[in-house]
Amino acid sequence: MLGAVILSAAALIVVWSVLLRAFTGGQVQGDFEIVSVASGIAILLFLPHCQARRGHVTVDVFTGWLPPAVLRRIELLWSCALAVAAALLAWRLCAGLAEAWSRNDVSMILHIPLTLVFAAAVIGVAGTSILALLQVLAAGSPDKSARER
């Protein structure tokens, strides 16, 4: 929900900036910077929701003919891969967050603290990793396999 709110706010700022340009010749200072930061944060915060709904893009050109049990195993394999890759990415984003914090990095025009962007990235990517891992563990639980029979 936070990603949607942030992205909606960025869209409103763009509309406001365009209206200002049209009627007064002015603009919202740093509107492009706001949109780029807000878009990045929103996308990263959408990742856990997408993983929870299993909404990532899949291409089944080569696997569409396989039986459902094999497709579930392939999905399980990719969920494992995503959990590991997202965990590694979260680890490196934490290192970037620590560096941005120590240097007090800010954006060029509006001086937005880049630690906000890194923090959102860590939350989104770590949340995706945790959800993928939980889905893998749930798929391997005895209760799940008993229900599928």
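In this predicted model, S102 is found in helix α3. With a relative accessibility of 58%, S102 counts as exposed, because the cut-off for that label is over 50%. Its side chain nevertheless has a partner in the backbone: a polar atom of the S102 side chain lies 2.9 Å from the backbone oxygen of E99. A look across the chain gives a sense of scale. S102 and I34 are 68 residues apart along the chain, and their C-alpha atoms are separated by 23 Å.

Helix α3 spans residues 68-103, and E75 also has its place there. E75 counts as partly exposed, at 38% relative accessibility, because this value falls between the 20% and 50% limits. Measuring tape in hand, so to speak, one can pair E75 with I112: the two are 37 residues apart in sequence, and 39 Å lie between their C-alpha atoms.

Moving back towards the N terminus, the loop between α1 (2-23) and α2 holds T24. T24 is another exposed residue, with a relative accessibility of 57%. Its side chain takes part in two contacts with the backbone. On one side, a polar atom of the T24 side chain lies 2.6 Å from the backbone oxygen of L20. On the other, the T24 side chain reaches the backbone nitrogen of G26 at 3.2 Å. As for distance through space, T24 and L93 are 41 Å apart, C-alpha to C-alpha, with a sequence separation of 69 residues.

Is Q51 buried or exposed? Its relative accessible area is 4%, so Q51 is buried, the cut-off being under 20%. This glutamine is found in helix α2, which covers residues 31-52. The Q51 side chain makes a polar contact with the side chain of H56, at 3.0 Å. H56 also appears in the wider set of residues that Q51 touches, once residues up to four places away in sequence are set aside; the others are S79, L82, T128, L131, A132 and Q135.

A second buried residue, T115, lies in helix α4 (residues 114-139). Its relative accessible area is 15%, which is under the 20% limit and therefore earns the label buried. Which residues does T115 contact, leaving aside its neighbours within four places in sequence? They are L97, A100 and W101.

Two further residues draw attention through their backbone angles. Most residues other than glycine have a negative phi. R54, however, is not a glycine and has a positive phi near 55°. R54 lies in the loop between α2 and α3, where it counts as partly exposed at 43% relative accessibility. N104 has a positive phi of about 55° too, again without being a glycine. This asparagine is found in the loop between α3 and α4, and N104 is exposed, with a relative accessible area of 59%.

With these local details in place, the whole fold can be described. How many helices and strands does the protein have? There are five helices and zero strands, so that, read from the N terminus on, the elements run α-α-α-α-α. The radius of gyration is 20 Å, whereas the globule rule gives 15 Å for 149 residues; the value is well over that figure, so the protein is more spread out than a compact globule. Taken along the principal axes, the box filled by the C-alpha atoms is roughly 65 × 40 × 25 Å.

Burial and contacts add to this picture. Of the 149 residues in the protein, 25% are buried. Among contacts between residues at least 6 apart in sequence, 70% join residues that are at least 24 apart.

The surface and the charges complete the description. The accessible surface comes to about 10,200 Å², and carbon and sulfur atoms account for 72% of it. The protein carries 10 positive and 8 negative side chains, and the centres of these two sets lie 10 Å apart.

Technical notes
Residues numbered from 1 in each chain as written. Predicted model: local features only at pLDDT ≥ 70, side-chain atom pairs only at ≥ 80, totals over all residues. Heavy atoms only, no water. Helix = DSSP H or I, 4+ residues; strand = E, 2+ residues; numbered from the N terminus. Buried < 20%, exposed > 50% of the residue type's maximum accessible area, 1.4 Å probe, protein only. Polar contact = N/O pair within 3.5 Å; in protein donor to acceptor, adjacent residues only side chain to side chain. Contact = heavy atoms within 4.5 Å. Rg over C-alpha atoms; globule rule 2.2 N^0.38 Å. Areas by Shrake-Rupley, 256 points an atom, 1.4 Å probe, with all protein chains shown as cover. Lys, Arg positive; Asp, Glu negative; His and termini not counted. Charge placed at Lys NZ, Arg CZ, Asp CG, Glu CD.
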